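Let's look together at how domains and chains meet in a structure. Have the sequence and the 3D view open as we talk.

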Amino acid sequence: MKSFDYAAPRTLDEALSLVAQNPQAQVLAGGTDLLVQLKNGRRETDLVIDLKRIAELKTIAFDPKKGLTVGAAVPCAQLCAHADLRQHYPSLAEVAGLIGGTAIQGRASLGGNLCNAAPSADSVPLMIALAAQARVAGPQGIRDVPVEDFCVAPGKNLLAPGEFLVNIFFPIPAAGFHAQYLRFTPRNEMDIAVVGVGVSTRVENGKITAARIALASVAPTPLFVKEAGDSLIGQAPTPEAIAQAASLAQAAAKPISDMRAPADYRRHLCGVLTRRALTAALAQ
Amino acid sequence: MSTPQYSLIGTRPPRHDGADKVTGRALYGADLKMSGLLHGSILRSPHAHARILSIDTSKAAAHPDCRGIVTAADFPATPERIVDLGEGETPLSYIRGNMLASGKVLYEGHAVAAVAATSAQAAAEIAKLIEMKYEPLPCVLTAPAAMAPGAPLLHPDLRCKEFGQPTTAPSNVADHFRQVMGNSEEGFAQADIVIEREFTTSTVHQGYIEPHTATALWNNDGRLLIWCATQGSFVVRDSVACMLDLPVSRVRVTPMEIGGGFGGKVPVYVEPVAALLSQKTGHPVKITMTRREVLEGSGPTPGSFIRVKIGAKKDGTLVAAQAYLAYEAGAYPGAMVSPAATCVFAAYDIPNQTIDGYDVVVNKPSTAPYRAPGATNAAFATETVLDEIAETLKLDPLDLRIRNAAKEGTRRADGAKFRRIGCLEVLETMKAHPHYSAPLGEPSHAAAQRGRGVAVGFWMNAGLPSSCTLNVHADGSVGLIEGSTDIGGSRTSIAMQAAEVLGLQSEDMRPSVVDTDTIGYTGVTGGSRTTFATGWAAHDAAQDVVRQMKERAARLWQVEEVQFANGVFTGGEHKLTFKQLAARVGEIGAPVVGRASVNPRGAGGSFAGVIVDVEVDMETGKTSIIRFTSVQDAGKAIHPSYVEGQMQGGSVQGIGWALNEEYFMSAEGRMMNASFLDYRMPTALDVPMIDTAIVEVPNPVHPYGVRGVGEANIVAPPAAIANAIHAATGHRMRHLPMNPPSVMAAILRG
Amino acid sequence: MKKVHVQLTLNGEPAEFLAEPRQTLLECLRDNLNLTGTKEGCGDGNCGSCSVLLDGQLVTSCLVLGVETDGLRVDTVEGIAKGSTLHPIQKAFIDNAALQCGICTPGFLMATKSLLEHNPNPTEPEIRLWLANNLCRCTGYDKIVRAVMIAAAEMQESAQ
């Protein structure tokens, strides 16, 4: 690993000015991606700015009227253990328990998972399904970005120089709302999703009134398949409706072949997992 | 034959190094500290096959933290010669070439230069400053591709040894041999059913958790001292001495605690390089590989192309068998194809056999042994074809195997005749095991299907020399000095064999694994031989102690004859326990030091079988192991917990090999999954409890009947799992790994 | 790059070291503090051999910078035993042959300690899930899982 300096600002303002002065700096949350990339040379930097000493980035706040705010650097282990989160966003607690293994979850964060912008990020499709908003701080102030717009290319996000992610906001789930993330990995843990599917559905009076579907590992970025979710709206939660949405998701997938799986297999899984995830969400 | 009664053998005392290993105190190779220690880092080839045009070290040498750089040019100038380091005859240039490439690089990860610097981080950075110029060459990655006419040649000087005779044309085939017994053509003509199938298996790695590490000090008295993680300190001594053109007496190797090996830490990699850097800098130099280096630059085990043909009568009697075994040696000759040939049909009495073996070089890392090397690939083929024969003939797969099981007197195609073996006993134990008749249970979801498979495997086990010294202390404890690296509790299984003779408890023994100056020659911890051979030496050394103690007692008591039984010496009306007599040795004469060395020829082969239940998700192709039983003939289980441990460990390695592990190579010969994230070894969540059944058919030549249990247990799992997947899905898998995409593809093909 | 002075609580005692910012906690423990019980198997968080507790949270120390630990608590394998008395987890590992080569053992011990702090009476699937971040290549996990169950039972019993 190349040598670098280290700074651990205590406040957002301090961090903003550090990031502004050092546009080439790398910001550090849990480090489970960044340190690996610094070690293997995929990233280099002269300065690492550790954001974990800033209260806003380390806080989980739940407002039963508005929703849930998760600081960008809160480790997954803390999400798994959070009572409000487990109660109101069980799928989010579940996905936090999927990223890496126990020791990785002691460090890895949703914010890091999002900023790392890997197409395979487990939490991102679910966050898209949950209609989460990413709050970004920068020299121009604060802006909120829908999570589905955050990743722009493999390993690239839309943060401008001088910006960093502060937290992620999840709206309060409405009655009849359920979300589910399913992924396929050859090993049961400690593996990268060959395909991941995040879905959310809302059922009112026997009809689906809202649905969102997003996919991991089948495109250069986590993929929001709006048309697949929309196809369910107004329908009864039948196997036929589910199959149609699954085939739309499958059609949207543009996977590649690599050491983790061949493209045709990923495409196949896309249909299977979308169907299973929707079935599970609608059965709740 | 009556079963001997033992007081200690067969019990489960705590291991002697237990406390050190649960407190972090045990010193492994990377833990070594030394004054003036420098750190080495190796620069490796990014190409699978390329000519080295130039190596410019000037920028690296100018770095303020750089203390020395070596390349292949730093090996002493010695004429080419053929050497034998226990793995067959090899040109010296091949052995050196795998340490530091000369002229060409032959695989991605091939070492080309090394740097010594003030820290490991600095060394790694400086190594990147070495400027390499390569001319990339076309590469070949599989045995069939390397054997095809016009294939790129790795070694222009390599000529195939065909049936033991040299040939003249350059080739990637280093050796082609044939074993013939009876007449397989005639045999197949008598058969009612003949099944012939082709199989391929991917390259896999042993996957030990501790990366290779060595520290070398070229001392000012001219001696070369090495501390390293190795399965065989004497192999390191002999290899390094050979490569550096030193007499063996100039090299001393101290084996540190070792973090797994499974065969992969038999060869040397970093030791000679650290030695050259130490010679150059005058400092001790430590080199520890990264995980990527381990996967790309150490020795995995061969991928293979196998064709097996078996003929049977309607009643299931096997009449003829034929095997074509083409194994990938990696960059230098030495695929484990000869043991594969020994094992491919070893479990069965088949009168007519023809076995062809090919040792083929390809542009992948030079392969190393891995737990029953060669046998797992071969058994995958044989045991799958047998399952198909049983299915076609509507026979129980175990009945088919029992009918044809090898026994005492059965001859193998390599000419050897089995002594007393436990093949039949293993098969019968499997048949009688509750698992074999238990219901499969309901699949966990609607898209899942279950199936059960069986298979059996063989490994011949090794003998090789071992030495042992016993020092009797005044308090009746005994220091046991040995040279076998302890990878899985062997200090204790060896000490127990001495303690049994002496009538002592395991905790009375003080075993130490020492350096090559301090103990007589001892072969590798490999070939399942440590408990067998070093234990045998310990047994004999203990008998030497008893002889000397009797002599001391006779002098003490002034009697002619002294008896020793159950830990008590008696002579006339005199009686002393071992400990009491040990306390009085000082007043009678010289200290008692027992010693023995052995070079046993009669290693007893071990058979091991598997019963496995799988569940296959028919929509994803993923296979889950639901229940797994490993059955193995240990001969005699000295310490049953560690015998079970070997069986369980080998089983789970076999599960990994079966389902997910592989070197995923790009067309250019780059390993695309060189990390523990993407080289998918099983975690605790991927396997169930591994049930074990130890069979004990004593090895007639060993004092306690030990056979050795380290290896045979990995042989059957992939085949058994393939048979279980067939039972669950109706599809025959003929490629390893049987990962979800390939099982799914088979299901979708219908 | 300037070295940084780090003060922390290490295995319950105050400790300090000078670290290059690029040094991982694993390197700092092994090279700067001479605590070599924590092992490196992969360097990228996938084998768990370097597992330690950071402020009570299980982490892989190869993916933590040493400088990050300033003011925090770090617990390593060297701190598990109470003086010369082994912790019940350590004893269970020895008594049940839950280690062979021993290189992964420090990581498994730390992970087990963390598990039993969170869940004193785990089921077999819960144990397997928690320990999935730790690779063992020797044992096939069977005896490790059993040792954890036995340690849990013993700790429960002695707590009563």
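What follows is a short dialogue on reading domains and contacts.

Q: Before we start, what kind of model is this?
A: This is a predicted model, where local features need pLDDT of at least 70, side-chain atom pairs count only at pLDDT 80 or more, and totals for chains, interfaces and linings use all residues. Residues are numbered from 1 along each chain as its sequence is written, while chains are lettered from A and ligands numbered from 1 in the order in which they are written.

Q: Into which domains is chain C divided?
A: Domain bounds come from an automatic or database domain assignment. Here, chain C has domain 1 (4-79) and domain 2 (88-159). Taken over C-alpha atoms, their centres are 21 Å apart.

Q: How many residues of each domain take part in the contact?
A: Two residues are in contact if their C-beta atoms, placed from the backbone, lie within 7 Å. Domain 1 of chain C brings 13 residues and domain 2 of chain C brings eleven.

Q: Which element gives the largest share of the domain 1 side?
A: Strands (E, at least two residues) and helices (H or I, at least four) are DSSP runs, numbered from the N terminus. On that side, strand E3 (residues 51-54) of chain C provides the largest share, three residues.

Q: And how many residues of chain B are in contact with chain C?
A: Chain B contributes 45 residues, which meet 43 residues of chain C. Helix H18 (640-659) and helix H1 (18-23) of chain B each give two or more residues, with H18(B) giving the most, eight.

Q: How many residues of chain B touch chain A?
A: There, 19 residues of chain B are in contact with 19 of chain A. H20(B) gives the most to the chain B side, three residues.
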